[in-house]
Amino acid sequence: MGTVYAIANQKGGVGKTTTAVNLAACVAEAGYESLLVDIDPQSNATIGLGVGKDSPATVYDVLLGEASLDGVVVATAIEHLWLAPAGPDLAGATVELPRMPGSETRLREALSGVRDRYAFTLLDCPPSLGPLTVNALVAADRVIVPVQSEYFALEGLAGLLDTLSLIQRELNPRLTVAGMLLTMHDARTRLAQEVEREVREHFPELVFDTVIPRNVRVGEAPSFGKPVIHHDPHCAGADAYFELAKEVAARG
């Protein structure tokens, strides 16, 4: 059975989409079928894989019960990597979902029929703890939490962990934290060193050994509609995401 990972943090700009796109691409590069589900109305993961925001059917249709996940999944330019795209209409789901019975389990039900086809399914969450992120956490087996190596990124981590505990208790007892991932890390600065030390001291068992460096190639890759491992496979960012994929697989 494939494993479903949610990439979540209510803070924006911490590298959720970058991690989702590149981790999915690394798994695909290793020859495993991988599915990236974009549940962020900004559609950055969709664009980052070279797919337009004007897909005839999106994750929005799936959540509203108007399409199956099979009906919206599209092939990407990368062998073994598939995408369930998002579009601007997904923003409406944050209002519509709470009015629907069983709204928290819509994505889990949609994934139940297809998850065995993919070794890894990654859910790219929006920067909030609203209905879309809750759907992802209820559907996931594990959650990866990107944490930017800056002071304000530490704020809210306790709140996120409280939310995860609530979902574990009430809606998804199998959900576990796969790990916290330090992103946009500049080891030359004292601030980044202090943030890394503090996160590792507070969550010693949860923080991945792999650290994603601040890297120009990682930042520019989405403008080419490619993961960084295809944009510049030998840069420091690509190397880091390959190492992350190995570590995620090793943690099981």
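Helices here are DSSP runs of at least four residues, numbered from the N terminus. That helps with a first stop in this predicted model: just after helix H1, glycine 31 takes a positive phi of about 95 degrees. H1 itself covers residues 16-29, and its 14 residues reach 20 Å from the first C-alpha to the last, close to the 20 Å expected at 1.5 Å a residue. Most of this helix is covered, with 12 of its 14 residues buried. Among those buried residues are Lys16, Asn22 and Cys26.

Now let's look at the sheet. Eight strands make up an open sheet, and if you walk across it you meet them in the order S3-S4-S2-S5-S1-S6-S7-S8, with mixed pairing. At the edges stand S3 and strand S8 (207-213), each with a single partner strand, so one side of each has no neighbour in the sheet. As background, strands of a sheet pair through backbone hydrogen bonds, either parallel or antiparallel.

Zoom in on strand S2, residues 34-38. S2 runs parallel to S5, and five bridges join the two. Strand S4 (residues 81-84) is also parallel to S2, this time with four bridges. Serine 34 shows both links nicely: it stands opposite phenylalanine 120 in S5, while its bridge partner in S4 is leucine 81. Five of the five residues of S2 are buried, so the strand is largely enclosed by the rest of the structure. What about the side chains? In a regular strand they alternate between the two faces of the sheet. In S2, Ser34, Leu36 and Asp38 point one way and Leu35 and Val37 the other, and all are buried.

Phenylalanine 120 turns up again in the structure's one aromatic pair. Its partner is tyrosine 5: the ring centres are 5.5 Å apart and the planes are at 10 degrees, so the pair counts as stacked. Tyrosine 5 belongs to strand S1 (residues 3-7) and phenylalanine 120 to strand S5 (residues 120-124), so the pair ties together parts that are 115 residues apart in sequence. Both of these residues are buried.

Some helices lie across the strands. H7 lies across S1, S5 and S6, and runs at about 150 degrees to S1. Helix H13, residues 236-251, lies across S1, S5, S6, strand S7 (176-185) and S8, running at about 165 degrees to S8.

Next, follow H7 (131-139) to the loop between this helix and strand S6 (142-148), where you'll find aspartate 141. Is aspartate 141 buried or exposed? Its relative accessible area is 11%, and the cut-off for buried is under 20%, so aspartate 141 is buried. Its side chain makes a polar contact of 2.5 Å with the side chain of arginine 115. Another polar contact, of 2.8 Å, joins it to the side chain of arginine 174. Leaving out residues up to four places away in sequence, aspartate 141 also touches others, including Gly2, Val4 and Leu175.

Finally, head over to strand S3 (residues 74-75), where valine 74 sits. At 27% relative accessibility, valine 74 counts as partly exposed. Setting aside neighbours within four places in sequence, valine 74 is in contact with Trp82, Leu83 and Pro85. The C-alpha atoms of valine 74 and alanine 84 are separated by 6.4 Å, although the two residues are 10 residues apart along the chain.

Notes:
Residues are numbered from 1 along each chain as its sequence is written. This is a predicted model: local features need pLDDT of at least 70, side-chain atom pairs count only at pLDDT 80 or more; totals for chains, interfaces and linings use all residues. Side-chain values use heavy atoms; hydrogens and water are left out. Buried means under 20% relative accessible area, exposed over 50%, partly exposed in between (1.4 Å probe, protein chains only). Contact means heavy atoms within 4.5 Å. A polar contact is a pair of N or O atoms within 3.5 Å; within protein, one must be able to donate a hydrogen and the other to accept it, and residues adjacent in sequence count only if both atoms are side-chain atoms. The expected span of a helix is 1.5 Å times one less than its number of residues. Rings of Phe, Tyr and Trp (its six-membered ring) pair if their centres lie within 6.5 Å; planes under 30 degrees apart count as stacked, over 60 as edge-to-face and the rest as tilted. Two strands pair if DSSP finds at least two bridges between them. Axes are lines fitted to C-alpha atoms, for helices over the stretch in contact, and angles run from 0 to 180 degrees between N-to-C directions.
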